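Q: Please take a close look at one part of this model for me: the buried interior. I'd like to hear what packs against what, going piece by piece.

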Amino acid sequence: MQSLENTYSDEEVRAFVLRVQKLLPGEPLAWTIEPKVDGVAVSVRYEAGVFAQGATRGDGTTGDDITANVRTIRSLPLRLDCAPGHPPPAVIEFRGEIYLPLAGFQQQNAERLAAGEEPFVNPRNAAAGSLKQLDSRLVARRPLSIVLYGIGEMQGFPGTPPADQKGWLEWMRAAGLPTPQECWLVDSAEAVIEAIAKLDLLRRGFGYETDGAVVKLNDFAQRLRMGSTAKAPRWAMAHRCLVGWKRLDANWWGMAMPASARSWVNRKPTPKPNDAWEKWREACSTISPTTRTASAMQPDSTAAKPS
């Protein structure tokens with residue numbers, strides 16, 4: 001399981017699409033744009049249609065076995081819902097993210113405060129901590145959810161498997177698996193940017209945290225020809241959105257942003273966050289929980305949006 005290259009600007013999206021087009025000269029390209037859920041990257045494995053294993057990404061090659069905890073997630077079917085006469089693959093592995101919805105996060109923190117315990121810092125940390133629990137009965141009490149968006153190992157697929165991302169998402173939904181809430185299929189850099197902008201507006205109404213969009217080449221044969229670097233695929237990238245759930249122009253968890261960190265927000269084109277911003281965000285993740293409130297996790301439509 002690889003990570004993705006990140007960008008914070010439309011200009012880098014255009015450069016990415018152009019780079020792929022140069023490597024696939026004359027070929028028509030199609031792109032999918034999906035929400036980037038802010039969760040814990042995992043893989044789930046089914047054997048003969050039955051859930052068999054769950055694992056974290058770990059170092060990309062070896063992760064932690066979290067099978068017992070993944071089994072408690074109610075949105076993940078323990079058996080694939082295959083149509084009569086269409087047996088499931090002998091082995092199939094799906095890639096996705098486990099996350100804690102905002103309502104569940106607030107509920108969990110309210111319960112922890114009532115019990116005299118420190119609240120979780122954010123939904124992602126809460127999800128990661130839950131998956132590390134040794135007692136799956138405790139995990140079952142936390143309303144974790146999962147979204148699946150990719151394919152890993154596959155053996156014994158009956159017939160011809162889907163040839164592209166859109167086709168696989170449709171197959172996964174038909175099998176009862178949870179897939180991205182939104183997905184656009186477009187054919188140009190400008191259409192990719194337009195879809196990202198639409199997603200940025202919609203995601204603020206999602207019941208879970210997202211931190212951007214994932215742009216992927218739709219066709220799997222083209223992906224294979226593009227290949228990967230040692231760290232990331234050449235056919236995908238993440239467009240990170242830095243606003244929405246956290247007020248970058250004011251504070252995050254009640255901790256004021258210094259002017260040195262804020263200076264990049266309204267610049268055009270938007271550069272990558274500077275060192276001061278990164279240090280500020282890191283500090284925000286470790287400040288005292290007494291400064292945090294559940295309302296801070298609500299979507300903020302007034303936050304300044306980089307362009």
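A: Here's a walk through the interior, from the overall picture down to single residues.

This is a predicted model, so local features need pLDDT of at least 70 and side-chain atom pairs count only at pLDDT 80 or more, while totals for chains, interfaces and linings use all residues. Numbering starts from 1 along each chain as its sequence is written, and side-chain values use heavy atoms, with hydrogens and water left out.

The protein has 10 helices and 11 strands, taken as DSSP runs (H or I, at least four residues, for helices; E, at least two, for strands) and numbered from the N terminus. Of its 307 residues, 47% are buried, meaning under 20% relative accessible area with a 1.4 Å probe, protein chains only (exposed is over 50%, partly exposed in between). Among contacts (heavy atoms within 4.5 Å) with a separation of 6 or more, 74% link residues 24 or more positions apart.

Now for the main core. The largest nonpolar core has 31 residues, and V44, Y46, L76, F94 and I98 touch the most other members. A core here is a set of buried Ala, Val, Leu, Ile, Met, Phe, Trp, Tyr and Cys residues joined through side-chain atoms within 4.5 Å. Two or more residues each come from β3, β5 (91-99), α4 (123-131), β6 (145-155) and α6 (165-174). If you click on I98, you'll find that what it touches beyond four places in sequence includes V40, V42, I66, V70, A127, L131 and I146. A second, separate core holds 29 residues, including W184, V186, V215 and W235.

β3 (residues 40-47) runs antiparallel to β4 (residues 50-56), with six bridges joining them; DSSP has to find at least two for strands to pair. One of the pairings is S43 with A55 in β4. Two residues sit between the strands of this hairpin, where A48 takes a positive phi near 55°.

T67 is in contact with part of that region: F51, A52, Q53 and G54, leaving aside neighbours within four places. T67 belongs to helix α2 (residues 67-70) and counts as buried because its relative accessibility is 12%. Its side chain also makes a 2.6 Å polar contact with that of D65 (N or O atoms within 3.5 Å; within protein, one able to donate a hydrogen and the other to accept it, with sequence-adjacent residues counting only if both atoms are side-chain atoms).

Another polar residue to look at is N109 in α3 (residues 102-114), which is buried because its relative accessible area is 11%. Beyond four places in sequence, N109 touches P119 and F120.

Then there are two helices to take together. In α1, V13, F16, V17 and V20 are buried. Seen down the axis of α1, its buried residues fall within an arc of 95° and so line one face; the arc is that of the directions from the helix axis to the C-beta atoms. Their cover includes β1 (6-7), β2 (31-37), α7 (189-202), β8 (210-217), α8 (220-226) and β9 (236-240). From the other side, the buried residues of α7 pack against α1, β2, β7 (184-186), β8 and β9. Those α7 residues are A189, A191, V192, I193, A195, I196, L199 and D200.
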